[in-house]
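Me: I would like to go through this model term by term, setting each value against its definition before accepting the label.

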Amino acid sequence: MKTTTFLGSALAAALSVNGLPSVNSRAVNDDLVEPQSLVDMIEAAKAQVIADIASKETEMRKRGVEPTCTVSKLKFRREYGDLTRAQRLAYVNAVKCLMALPPRTPADVAPGATSRFDDFIVVHIQRTMDVHFTGNFQPWHRWYLHQYEKALREECGYTGVSPYWDWPKYATAPQDSPIFNGDEYSLGGNGEYIPGHPGQLLVPPPGVVGEIVQLPPGLGGGEVKTGPFANMTITLGPVAGIPNVPPGPMGGLGMNPRKLKRDVGPGVNMMYANYTSVLHMLSQPNIDAYRLVLEGIPHTTLLGPHGGGHFTIGGDPGGDVFISPGDPAFYLHHGNVDRMWAVWQALGGPSASNARYTDLGSGEYAHITWTNSPPSRLAELTDVLDMGYAAESTTIGNVMSTTGGELCYFYL
Ligand SMILES: *[C@@H]1O[C@H](CO)[C@@H](O)[C@H](O)[C@H]1NC(C)=O
Ligand SMILES: *[C@@H]1O[C@H](CO)[C@@H](O)[C@H](O)[C@H]1NC(C)=O
Ligand SMILES: [Cu+2]
């Protein structure tokens, strides 16, 4: 059974963390201690982005055009744990504000939507099957995060930028990280521990062929009772995928109040989103290869860091891909998905001759249906990224760079 392997590696890591000898201790440490090569890659990417903006700026001014994104306007998104307590609190309060504003989604479309925060869940439910394992996956989520940040800023007076969650940083104990430790500056604590609860069983969505995956359990499983989102109510979903939780009314768009649950723990995090995974991902030569590492091999138990982050949160709504943005931690997880992509893009060299800003690939994840089933055409730069009632839509081509079009940010 798969869980044996997972528990085995978790145990090996625990042993090496305690300083006890372990056969695997060297390999495990390599996976859990930040390698200098990764630090260097991220620094090189940042330098490249700044150099690109500077040269574009000069070239545009020569032509008498005022550039929209300049070096001085560039905003840097930061890791949640690197924010000051005041910054973390400001972010948390802005999210709470979004949860208190009325929805724009009409009640007959989604009677379960009760807030502006919910508008974002609704469009994610509506678009799930055509924005995951598809050519628009990363562009769609890039624009989605940008619009969420914009709503926090314009509708809730937030003055900061989107934070992210550097997965490997807390991989041995994500439940103790500044994101999940349950203090007043966190995004709420772990779910209450349910002794002996099983890990999540991943079942492919209806109509999609694939293996059933048994994940190791986390250290929660129950309701979140500490921190800013303690006792938070979620009304949309579930749609599919949470064990022992039946789908909500109207395919998940109906009203179905229940409490936020999480199952945060090191099992999935160490296995799928460690430093080796990230370094390996950033070393991929093209977008098809990159996405196979990020999202895992189609129809197999290999999850990749994207799934690894999602199922490190787990629970309800975190364990259901359709409604996963119902857990406020979703936006920090996808912040890192976007950060990794932006870094990988910049590592391809100067933007003027860098295919990573234009190439959407031709592999199994490059089409307009989930893992190309049913078979569909390849995604194109002119395809629309639909934000439904949550925000304005755009096209893939407008978001291929974090410093082009309306976007002007990078990551520290
Ligand atoms: C959460 O709800 C429980 C009752 O279920 C209550 O005892 C507790 O004080 C609540 N916590 C917060 C932070 O509201
Ligand atoms: C780190 O991730 C890789 C996959 O990216 C995996 O093969 C390896 O076992 C993981 N390390 C640990 C300690 O689980
Ligand atoms: Cu998504």
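Reply: Let us begin with the aromatic residues, where Phe117, Phe120, Trp140, Tyr144, Tyr148, Phe330 and Tyr331 are linked by ring pairs into a cluster. The model is a predicted one, in which local features need pLDDT of at least 70 and side-chain atom pairs count only at pLDDT 80 or more, whereas totals for chains, interfaces and linings use all residues. Side-chain values use heavy atoms, with hydrogens and water left out, and residues are numbered from 1 along each chain as its sequence is written.

Me: What makes two rings a pair, and how many aromatic pairs does the rule give?

Reply: Rings of Phe, Tyr and Trp (its six-membered ring) pair if their centres lie within 6.5 Å, and planes under 30 degrees apart count as stacked, over 60 as edge-to-face and the rest as tilted. By this rule the count is 18 aromatic pairs.

Me: Why is the pair of Tyr144 and Phe330 called edge-to-face?

Reply: The ring centres of Tyr144 and Phe330 are 6.0 Å apart and the planes stand at 90°, so the pair is edge-to-face. This pair links distant parts of the chain, since Tyr144 belongs to helix α6 (residues 137–156) and Phe330 to helix α11 (residues 330–346), 186 residues apart; helices here are DSSP runs (H or I, at least four residues), and strands likewise (E, at least two), numbered from the N terminus.

Me: How do you know whether Tyr144, Phe330 and Gly241 are buried or exposed?

Reply: Buried means under 20% relative accessible area, exposed over 50%, and partly exposed in between (1.4 Å probe, protein chains only). Tyr144 has a value of 0% and is therefore buried, Phe330 is buried because its value is 1%, and Gly241, with 33%, is therefore partly exposed. Gly241 is placed in the loop between β6 (233–234) and β7 (258–259).

Me: What makes Arg77 and Arg356 count as charges over a ring?

Reply: The rule asks that NZ of Lys or CZ of Arg be within 6 Å of the ring centre and within 35 degrees of the ring normal. Arg77 lies over the face of Tyr409 at 3.7 Å from the ring centre, and the charged end of Arg356 sits over the ring of Trp344, 4.1 Å from its centre.

Me: Which residues is Gly241 in contact with, beyond its neighbours within four places in sequence?

Reply: Counting contact as heavy atoms within 4.5 Å, Gly241 touches Gln200, Leu201 and Gly319, its neighbours within four places in sequence being left aside.

How values were computed: Chains lettered and ligands numbered in written order.
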